[in-house]
Amino acid sequence: MSAALRTIGVVGAGQMGRGIAQVAAQSGFTVLLHDENTSALDASLGHIGGQLERQVEKGRLAPAVRAETLARLQRVTGTEAFSAADFVIEAVSENQALKARLFETLDRTCAPGVILASNTSSLSITRLAAATRRPARVIGMHFMNPVPVMELIEIVAGQATSGETIEETRALAKSLGKTAVQAQDYPGFISNRILMPMINEAIFALYEGVGGREDIDTVMRLGMRHPMGPLALADFIGLDTCLAILEILHAGLGDPKYRPCPLLRRMVEAGRLGRKSGRGFYDYAPGGAPA
Ligand code: CAA
């Protein structure tokens with residue numbers, strides 16, 4: 001655990017926020033977890049409890065450590081509580097206006113010098129920083145899903161992010177047991193600039209009838225040793241999220257190679273969003289397991 005940091009604030013208790021909160025609590029930090037939606041907050045805390053319980057059952061975690069970890073997780077119903085945070089990570093929905101409003105509020109609430117990090121997968125860190133009076137202390141900290149499993153954090157330096165902020169964020173990533181890479185603040189950073197065109201191309205291959213869904217996914221799983229095929233991965237990420245990121249790449253880089261496949265657009269319009277809606281390229285049972 002980093003010597004100067006004790007308390008991490010996490011805003012947003014969705015899939016990413018709850019994963020970040022779990023990893024931070026398991027790494028010894030006190031965690032303030034907040035979500036405007038209190039039932040989502042409760043569900044997330046229940047989910048983390050369940051994840052830790054599974055580790056106990058597998059004999060990987062002592063019951064006492066589970067109890068200590070849960071005791072470090074605090075349910076927070078208002079952002080005022082973040083005045084006690086040493087570092088804040090925002091993980092709310094990918095909506096520029098929502099995030100900018102939140103950064104303005106956090107800037108007013110948090111002690112001067114506290115780093116405000118965003119888990120955004122594609123929005124501009126520079127624009128978020130501009131909503132605050134501390135742009136040098138604003139940074140991107142892009143975790144991968146599922147957060148407890150994936151080893152990477154992509155650190156994104158905005159136009160004004162200081163070298164000290166980058167170094168302190170790297171140190172935090174290390175304390176969380178993750179490996180950090182640094183990307184500049186351009187659309188999609190490194191991860192989604194490379195991942196989303198691959199997923200989009202897989203959808204084009206399906207759309208144009210080059211192969212069936214299993215064929216496409218099997219090529220990438222067995223032929224390229226990806227843990228999941230690109231269509232299964234798109235379902236896992238959420239087809240709406242994939243579409244939104246592709247739109248940002250397309251608009252921000254201006255290159256037609258990023259145009260989203262019409263099939264992706266049509267599936268999102270139909271509400272086939274992947275695991276979270278029970279249906280995407282594949283069908284899922286309640287809870288997200290493949291049907
Ligand atoms: N939360 C916590 N742990 C989880 C988990 C979750 N949601 N899902 C799986 N795990 C754990 C399991 O408990 C299991 O742990 P143990 O081995 O310790 O028991 C381990 O992960 C393996 O799980 P499974 O055996 O159930 O399944 P699997 O071997 O098929 O692995 C997977 C599942 C880890 C998700 C794997 O398929 C994988 O790595 N897929 C690719 C995921 C990926 O690419 N993520 C990045 C998405 S892009 C992104 O996040 C950024 C963006 O901006 C879009």
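**View 1. Which elements make up the shell around the ligand.** Helix 2, helix 7 (191-207) and helix 9 (230-237) each put at least two residues into the shell around the ligand. Keep in mind that this is a predicted model. In total, 18 residues surround the ligand, and the closest are K58, R60, H142, N145 and N192. Sorted by class, the shell around the ligand comes out as ten nonpolar, five polar and three charged residues.

**View 2. The ligand and the two domains.** Zoom out a little and look at who contributes to the shell around the ligand: domain 1 (7-184) and domain 2 (193-277) both do, so the ligand lies between them.

**View 3. Polar contacts to ligand oxygens.** Here are three side chains worth a look. H142 has a polar side-chain atom 2.8 Å from an oxygen atom of the ligand. For N192, a polar side-chain atom sits 2.9 Å from a ligand oxygen. R54 joins in too, with an N or O atom of its side chain 3.1 Å from an oxygen atom of the ligand. As for cover, the ligand taken alone exposes 1000 Å², and the protein buries 62% of that.

**View 4. The second largest pocket.** This pocket, the second largest, has a volume of about 440 Å³. It is lined by 16 residues, of which Q51, R54, P146, P148 and V149 are the closest to its centre. Helix 1 (15-26) and helix 2 (38-57) are the elements that give two or more residues to this lining. By class, the lining of the second largest pocket splits into five nonpolar, seven polar and four charged residues. Yes, that's R54 again: its side chain also makes the 3.1 Å approach to a ligand oxygen.

Methods
Residues are numbered from 1 along each chain as its sequence is written. This is a predicted model: local features need pLDDT of at least 70, side-chain atom pairs count only at pLDDT 80 or more; totals for chains, interfaces and linings use all residues. Side-chain values use heavy atoms; hydrogens and water are left out. On a 1 Å grid over the protein atoms alone, a cavity is a set of points where a 1.4 Å probe fits but cannot get out, and a pocket is an open set with protein on both sides within 12 Å along at least five of seven lines; lining residues have an atom within 4 Å of a point. Grid points are joined across faces, edges and corners, and a volume is the space filled by probe spheres set on the points. Helices (H or I, at least four residues) and strands (E, at least two) are DSSP runs, numbered from the N terminus. Ala, Val, Leu, Ile, Met, Phe, Trp, Tyr, Cys and Pro count as nonpolar, Asp, Glu, Lys and Arg as charged, and the others, Gly among them, as polar. A residue is near a molecule or strand if one of its heavy atoms lies within 4 Å of it. A polar contact is a pair of N or O atoms within 3.5 Å; within protein, one must be able to donate a hydrogen and the other to accept it, and residues adjacent in sequence count only if both atoms are side-chain atoms. Accessible areas come from the Shrake-Rupley method with a 1.4 Å probe; for residues, only the protein chains shown count as cover. Domain bounds come from an automatic or database domain assignment.
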